[in-house]
Each structure stands twice: as C-alpha cells, then as structure tokens.
Amino acid sequence: RQLESLNEVGGALVGELELPKLLDLVVSRLRELIGARLVTIALPVGDDLRIAAADGEEAWGYVGTTFPRLDSKTGMVLERGHSERVDSLLEDPEVHQDSARTFGARTGLYVPLILRDRPIGVLVAHDKLGPDQRFDSSDLRLAEQFAVRAAVAVDLSRRVARDALQRVVGGQELERRRLARCEIALLEIRERRHHLLAARRPRAV
C-alpha cells in the first residue's frame, strides 16, 4: 500500500502541474498511511509560513492560514532543515502553545521539504489515531519519503510559473520591438512624403 501511494504521487508529478492538487494528494495519502488526525504542508511567504495543503479533521479551516516563522516549531524545523518527532507538544519549548491548542494537537511529526540542500517548506502530521497518539520511526521515514515528493512538486510548479512568466515577458519584448519597427517605418514614410511634397512646391523667383 505504501509503494502504491508513493507511485501514485510520483505519477501525478508527471501529469499534474497544479501545485494545490499535488500537495493535496501528498497530505491525503500520507495521512491515510500513518493514521494521523491531521497532515499539513506549510510553505514560506516572506517572514511567515502559510498552510498550502491540509487533510484530516477540520482541514478545510487551516488552508491559507499564516503564522510567524520565528515563533513556531514549524519555523524552527524549516530553519534547521532536519526532521523531528515530538511525543508531547506541551513539553516542547519550541511549540507555540496557543497554536497547538488551535490545532488541538498533542503529538507531531515535522519534516522539512528539502530542495538542493535547502529547506523550502515543512510537512507536519499531528496525533496518530488510536489510544497511543505518538508516531514511531517508521511513520517518520514514510513522511520523509512523501516530503521528498512534495519538494519536487513545489520545484516543478515554480519552474513552470517562471517559464510561463519568461514567455510572457519574452512575448512582450517581441511585441515592443515589432511596434517600435512599425513606428520607425511610419516615421520614415512621413519623412519621405514630406520631402516629396517639398520637392514639388514651386520655388519663388
């Protein structure tokens, strides 16, 4: 089942170019496999982090939420670029307790999205379903595999957007040059017409 889900995400990376759909697939499949109450992906926006995808309990209410990088466990994991498993959020001094209460979270997995040795986001899972809400090392390893694919999805989306912008800018530059050539041609026509008219005027004797 794990391999099938990983292959499904890998196949989507080839055929799907819309980042929200790719990230939604990542969080939904991971949540199913590790049995988490909630899985999210946060991406940096300026000095903040924005939840770009979420799946699980009341997930719809979290997408688009922003919070400061420097005042959160997610931000610290992004800064360090290393995965962390937290068995008790209440006992972790880096966890913003108000945010933990907002999410209703007790345990967590924090996995950075690494692209060319640089963290570009964080995948977070909260609360394993069942009597023991703690995640184990196999859950963390699986989350890391999904985080790799999420990082590829973000990179592909940015490349597509950058290429599209370059094509737009390139097209605008070509159009600007075409218009400039037209303007120059019109000026030359006007100048020739002016010279012809001047040549035809009778000269005073």
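Contact is taken here to mean heavy atoms within 4.5 Å. The model is predicted, and its chain comprises five helices and six strands. From the N terminus on, these elements follow the order α-α-β-β-β-α-β-α-β-β-α. Of the 205 residues in the chain, 37% are buried. Among contacts with a separation of 6 or more, 54% involve residues 24 or more positions apart.

Strand β6 (118-128) pairs with two other strands. With β1 (36-45), the pairing of β6 is antiparallel and extends over six bridges; within this pair, Leu38 stands opposite His126. With β5, which spans residues 108-115, β6 again pairs in the antiparallel sense, here over eight bridges, and Leu109 is placed opposite Ala125. Eight of the 11 residues of β6 are buried, so the strand is largely enclosed by the rest of the structure.

Val124 illustrates the surroundings of this strand. Val124 belongs to β6 and has a relative accessibility of 3%; because this value is under the 20% cut-off, Val124 counts as buried. Residues up to four places away in sequence being set aside, Val124 touches Leu38, Val39, Thr40, Thr74, Leu109 and Tyr110. A separation of 9.3 Å is found between the C-alpha atoms of Val124 and Ala54, which lie 70 residues apart along the chain.

Several backbone conformations in this region carry a positive phi. Most residues other than glycine have a negative phi. The hairpin of β5 and β6 has two residues between the strands, and in this hairpin Arg116 adopts a positive phi near 50 degrees. Asp117, located in the loop between β5 and β6, likewise has a positive phi, of about 65 degrees, although it is not a glycine. Asp117 is exposed, with a relative accessible area of 76%. Asp127 lies within strand β6 itself, and its phi is positive, near 60 degrees. At 2% relative accessibility, Asp127 counts as buried.

Helix α3 (73-80) contributes a set of buried residues, namely Lys73, Thr74, Gly75, Val77 and Leu78. These residues pack against β1, β2, β3, β4 (84-86), β5 and β6. Just after the helix, Gly81 takes a positive phi of about 75 degrees.

Lys73, in helix α3, is buried, with a relative accessible area of 5%. The side chain of Lys73 is joined to that of Glu84 by a polar contact of 2.6 Å. Beyond residues up to four places away in sequence, Lys73 touches Arg80, Glu84, Val86, Asp92, Glu94, Val95 and Tyr110.

A second polar contact between side chains involves Asp55, a residue of strand β2 (residues 48-56). The side chains of Asp55 and Arg31 form this contact at 2.5 Å. Apart from neighbours within four places in sequence, the residues in contact with Asp55 are Val27, Ser28, Arg31, Arg37, Leu38 and Val39. Leu38 is thus named among the contacts of Asp55, among those of Val124, and in the pairing with His126.

The empty space of the model was also examined. Rolling a probe the size of a water molecule over the atoms shows where empty space is left. The largest pocket has a volume of about 290 Å³. Its lining consists of 21 residues, of which Phe67, Thr74, Ser99, Ala100 and Phe103 lie nearest the centre. Two or more lining residues are given by each of β1, β3 (66-68), α3, α4 (97-103) and β6. Helix α4 supplies the largest share of the lining, four residues. By class, the lining has 10 nonpolar, nine polar and two charged residues. Thr74, one of the residues nearest the pocket centre, is also one of the buried residues of α3 and is touched by Val124.

Technical notes:
Residues are numbered from 1 along each chain as its sequence is written. This is a predicted model: local features need pLDDT of at least 70, side-chain atom pairs count only at pLDDT 80 or more; totals for chains, interfaces and linings use all residues. Side-chain values use heavy atoms; hydrogens and water are left out. On a 1 Å grid over the protein atoms alone, a cavity is a set of points where a 1.4 Å probe fits but cannot get out, and a pocket is an open set with protein on both sides within 12 Å along at least five of seven lines; lining residues have an atom within 4 Å of a point. Grid points are joined across faces, edges and corners, and a volume is the space filled by probe spheres set on the points. Ala, Val, Leu, Ile, Met, Phe, Trp, Tyr, Cys and Pro count as nonpolar, Asp, Glu, Lys and Arg as charged, and the others, Gly among them, as polar. Buried means under 20% relative accessible area, exposed over 50%, partly exposed in between (1.4 Å probe, protein chains only). Two strands pair if DSSP finds at least two bridges between them. A polar contact is a pair of N or O atoms within 3.5 Å; within protein, one must be able to donate a hydrogen and the other to accept it, and residues adjacent in sequence count only if both atoms are side-chain atoms.
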